[in-house]
Amino acid sequence: MKRKRRQAWLSVLFLAPSLSGVFVFMILPFVDVVRRSFLDAMGKTFMGTDNYGLVWKNEAFRLASRNTLHFLMTAIPLLFVLSLVLSLLVYRAGKGRRIFKTSLVLPMVIPAAAVVLVWKIFLCMDGILNQVLSGISGEIQNVDWVHGETAFSVLVVTYLWKNIGYDMLLWLAGLSAIPESLYDAARVDGAGGLAQIWYITLPCLQKTMGLVVILSIVNSFRVYREAYLLAGSYPDQTIYMIPHLFGHWFLTLDVQKMSTAAVLLVLAALAAAAVFELLLYGRNKERSR
Amino acid sequence: MKKKTIKSVMAMVTAAGLVAAMLSGCGSAGNGQESDGMENRKEDGLPGQKGDVLETGKDGGSDRPVAMGRYVETEIPLPEKAAQDGFVSLFYGRDDKLELYTSIRDKAENITGVRRFLREEEDWKEDEGWWDRVKPQDLSVEIRRVFYGLDGNYYFSAMTTENGYICHLYQVQDDGPGADMIPEAFQPEKGRTYGLIPTKIEVGKDGNILVHGFETAVCYRPDGEKMFSMEKAWNGSSESSTGYLTEEEFVTRVDSGVARYSLKSGQLIETIAYEGMDAETDEGLILFGDGDGGVFAASEDGLAHVNEGGSLWELLIDGSLNTMGMRNMYLQTFLKGEKEDYYGAFVAQGGKGMMLCHYAYDPDMAAAPPVTLTVYGLEDNSTVRQAASLFQKNHPEVKVELLNGANQDGKVSEETIRALNTELLGGQGADVLILDGLPARAYQEKGILMDLREVFERIQKENPVMEQVVAGFTEKDGGIYQMPARISVPIIMGTEPAIRAMESLDAMAGYEGDVPLIYTTTYENLLRMVANTHYKEMFGDDGTLAEEMLVKYLKSVKTLAERNGAKSMFTEEELERFRTGNNVAPYGIRNTETDFDQGRSGCGTSNLDGMYSAIIPEAVMEKHPEAQRESIGGIYFPKVLVGVNMATSQPELAKEFVRQIFDTEVQKEELYDGFPIGLEAQRINCENDRPNYSVSTGYEDYSISGSWPVLERREKIYELIRSVSVPVRMDETVMKMIVDGAADYLDGKATAEQAAGAIYRQIALYQAEQG
């Protein structure tokens with residue numbers, strides 16, 4: 001008992017540096033953010049819940065939230081599925097495995113500014129895509145892919161292109177942990193390729209799935225960089241995201257709105273996590289029965 | 001067991017150390033204010049300045065150590081006789097006496113003679129009749145420069161005033177008129193009336209003559225034989241050239257720094273990089289030697305020095321603390337004195353009035369003024385610089401530090417404003433803010449800016465400024481948070497129907513003349529010009545833009561564009577043919593008065609930001625007595641918007657600086673950044689005559705020139721300036737949305753309604769963000 005307590009203290013001590021870092025650089029600032037959400041812009045006058053009412057009714061905030069959610073709901077499932085398919089293909093690939101792997105991971109190491117430049121060359125009015133389409137159709141194509149209705153699709157494609165390699169690596173790590181004997185046994189039992197995936201691969205990848213989803217969501221918040229570089233600070237309304245709004249609010253010193261919106265977003269994320277947790281808890285309980 | 005204990009202890013110590021290190025990084029070392037004070041002092045001290053003696057008790061009675069020693073400027077009285085003269089030269093002559101040469105001018109500013117003064121025991125003694133003795137008898141010439149050659153002879157350069165414009169170099173003779181030297185070097189080519197106009201001429205120890213051209217300096221033997229030429233940075237001014245001779249070297253400015261050439265071979269010896277030197281704008285940099293192989297560089301930044309063989313420039317005199325940094329005074333000559341002192345000669349803007357200053361080292365003066373007032377802006381503004389220099393002269397205990405937020409290319413990004421906002425949010429930031437290009441309205445609403453109503457009440461009592469400008473920047477509750485120190489006024493000139501057509505968007509679209517209403521320009525300029533000049537019609541009093549109005553605006557611009565052949569961008573051939581430009585003009589208003597003059601447009605537009613900018617429009621008006629000239633809807637563009645940071649720790653000093661900016665002393669200067677709003681300054685400027693000031697423009701077979709407007713016309717211009725009452729401050733974000741959104745419509749790829757709808761949605765989103 002004494003030893004256990006001592007070990008617990010030791011573990012706390014080892015964790016102390018990182019915990020204090022989290023406390024100083026994340027918890028304390030967030031507490032300040034919560035405090036500022038009840039104050040005016042300069043943090044001098046108490047505003048009660050006025051800021052919450054103001055932000056909740058703010059059309060720009062609603063649009064940015066809707067778009068961010070729309071993007072998450074569209075891009076993450078796509079990324080999830082496509083990266084998994086690619087990882088399965090690469091995992092089973094023969095000689096070209098390394099080349100495939102490297103080429104798919106390459107977008108990760110290219111700086112965003114360079115990537116965007118390439119996309120612009122490809123997608124601008126006089127870009128390669130329009131020229132190719134013009135060649136095929138025989139009519140001059142002048143579609144503004146970045147600033148028109150196609151902006152959302154362009155952003156999703158950009159996000160997929162950038163992140164698919166990374167997610168594929170995560171899946172590959174999960175795949176390599178699955179014992180080959182399971183597949184051998186399944187093959188002996190006459191299972192086909194799809195059956196092997198459905199009954200062996202997917203269940204064994206469950207832990208990896210959680211990791212892939214979380215990291216994909218985290219990476220999706222970085223897509224603002226591409227959106228900003230591609231379409232400027234006021235892009236097409238379909239790709240106007242929360243970071244756009246925060247950037248503009250900071251320019252006009254609307255710190256109280258930023259703080260309030262941040263608190264609302266954290267609450268929404270916590271609520272989503274709680275629902276996820278509840279679902280997981282219910283499922284585990286069912287299994288243990 | 002023992003090992004485990006040691007490990008545990010080590011782990012604990014490491015963890016504790018890490019926590020302590022992380023937390024200590026966030027704290028302030030001791031008293032924050034004290035720490036700041038010391039840091040300021042260290043930054044303000046001139047790097048490497050001699051006499052960095054640390055003393056205590058010099059800083060307002062505190063016991064903190066202060067670096068001591070600074071060069072102090074004192075004005076040297078000029079000879080009474082030369083009070084109205086122009087500056088010619090200042091140098092040490094044969095007897096190691098300071099010699100001053102001034103030009104006598106008639107009412108038309110023509111030079112009629114030259115005076116020579118010698119400095120003797122703190123006084124000037126005139127060498128009467130000097131010019132009559134030395135001037136050439138066979139030619140009528142106008143003096144340019146007098147100098148003492150390294151060969152021990154006096155020389156002067158002069159331009160002929162009859163039969164062409166030809167330079168001559170004369171060697172002063174003891175017993176008569178000067179001897180004409182190497183005349184063939186300055187002779188014009190066949191068919192021309194002017195020859196080489198050197199920016200400077202010098203004579204070396206062996207009598208060789210160095211003639212500074214615009215891009216090269218050419219060395220001649222005394223007999224006129226050309227020896228070699230040496231490259232130098234381009235110098236467009238015919239009044240000054242940066243470079244000097246020593247016995248063996250020629251030192252000059254090149255694009256990458258300061259170059260030393262051998263006078264034996266003309267070969268480059270070395271180039272010393274000069275940090276912050278801008279080859280395009282540092283024409284005024286004056287170089288001179290220290291006698292030991294070192295180089296001095298004097299400019300508006302101050303006096304810097306580098307030792308022979310060295311590469312680090314040491315700033316000896318901080319120009320921002322004295323006349324060197326003043327924008328209305330041009331540095332003409334800077335000299336090393338007999339001891340470790342210096343002399344600087346300045347000429348006031350427009351050539352009238354000169355000033356001679358002495359710089360002596362005072363070991364008892366703090367190296368930097370103990371108090372620092374910071375002024376932040378997004379550009380290097382002349383009015384602010386002028387105010388800072390005068391403020392420091394009037395308050396020797398204060399250093400005004402001008403902070404420029406723009407990057408080296410003069411560009412401002414959102415990151416710049418974010419960095420400033422971070423400071424402002426932390427209750428820091430500069431004491432005074434120059435709000436041009438900054439989100440001033442947001443700062444005002446968030447309580448960043450101080451209410452300056454008391455300051456302007458006092459200004460209006462003591463030294464009034466334009467009432468309607470003050471009213472335009474006074475809030476409903478009487479608060480004043482920002483105020484423009486200067487304004488620019490767009491004008492239109494043309495026939496009655498053309499001028500009336502500019503009164504509304506409908507009238508503009510309905511104009512039917514033989515030529516287009518506005519001359520050919522880019523879509524962007526048209527969009528900007530119409531939006532700025534019809535701001536009130538489009539945005540109303542509350543600053544909102546209705547979608548129907550947007551459609552009307554786009555259609556009006558399209559009509560104008562169709563008539564004048566506007567394009568999104570012109571090709572080189574089109575630029576040549578139309579004589580227009582692809583650049584975005586300020587407020588979209590191009591100076592098109594010459595197009596009106598040539599009958600290429602129904603009206604001409606111009607944005608007046610000083611009397612000098614009215615010269616060509618006035619010349620056009622003189623040619624067209626049938627034409628009228630008006631302001632456009634009584635609008636003006638506020639410039640040099642001044643505000644004070646609410647969080648400043650020295651509010652009274654900041655307010656005093658604001659008063660300085662609006663003081664006549666600053667306002668009366670023509671600094672090319674707008675008309676003053678001070679009434680007394682306007683009166684002075686109106687009376688200010690510059691008969692020798694003229695401007696010419698033209699191309700191929702067209703040319704027009706004008707001189708400084710006569711009093712009657714100047715009065716009319718100021719009447720026009722005083723008549724404007726509508727400040728226009730177009731939101732650049734909105735303007736960009738309009739320009740971007742209108743492109744498809746103007747290119748014929750979308751309808752006006754579609755384009756207006758897209759723009760409107762963007763503007764609505766932008767406005768929703770602020771809601």
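Over which residues of chain B does pLDDT stay under 50? Select residues 22–61 of chain B and you have them. This is a predicted model, so that stretch is a good place to begin the tour. For residues 22–61 of chain B, the model has 57 contacts beyond four places in sequence. A word of caution: where pLDDT is low, the predicted coordinates should not be read in detail.

Now colour the whole of chain B by confidence. Chain B averages a pLDDT of 86, and 89% of the residues score at least 70. For the complex, the predictor gives an ipTM of 0.83 and a pTM of 0.79.

**Where the chains meet**

Next, select the contact between the two chains: 27 residues come from chain A and 30 residues from chain B. On the chain A side, helix H1 (2–36), helix H3 (59–92) and helix H12 (242–251) each supply at least two residues. Highlight H1(A) in particular, as this helix gives the most to the side of chain A that touches chain B, with eight residues. Colour that side by residue type and you will find 18 nonpolar residues, eight polar and one charged.

**Into the cores**

Move on to the largest nonpolar core, which has 153 residues. Good ones to pick out are B:Val375, B:Val432, B:Leu526, B:Val658 and B:Ile759, which touch the most other members. Keep chain A switched on here, too: H3(A) gives the most to this core, with nine residues. Then show domain 1 (384–485 + 640–673) and domain 2 (487–636 + 679–770) of chain B; both give residues to this core, so it lies between them.

For a close-up, centre on B:Val432. Leaving aside residues up to four places away in sequence, B:Val432 touches B:Leu373, B:Val375, B:Val642, B:Val644, B:Ala654, B:Phe657 and B:Val658. Apart from the largest core lies another core, of 68 residues, and B:Ala82, B:Ile209, B:Ala304 and B:Tyr343 are among them.

**A last stop in chain A**

Finish at A:Val115, which sits in helix H5 (residues 112–123) of chain A. Is A:Val115 buried or exposed? Neither quite fits: A:Val115 is partly exposed, because 18 other C-beta atoms lie within 10 Å. Show its contacts, again not counting residues up to four places away in sequence, and A:Pro107, A:Ile110 and A:Lys162 appear. Before you leave, draw a distance from A:Val115 to A:Leu39: these residues are 76 residues apart along the chain, and their C-alpha atoms are separated by 41 Å.

Definitions and conventions
Residues numbered from 1 in each chain as written. Chains lettered and ligands numbered in written order. Predicted model: local features only at pLDDT ≥ 70, side-chain atom pairs only at ≥ 80, totals over all residues. Helix = DSSP H or I, 4+ residues; strand = E, 2+ residues; numbered from the N terminus. Buried ≥ 20, exposed ≤ 12 C-beta atoms within 10 Å, placed from the backbone. Contact = placed C-beta atoms within 7 Å. Nonpolar A, V, L, I, M, F, W, Y, C, P; charged D, E, K, R; others polar. pLDDT = per-residue confidence, 0-100. Core = buried A, V, L, I, M, F, W, Y, C linked by C-beta atoms within 7 Å. Domains from an automatic or database assignment.
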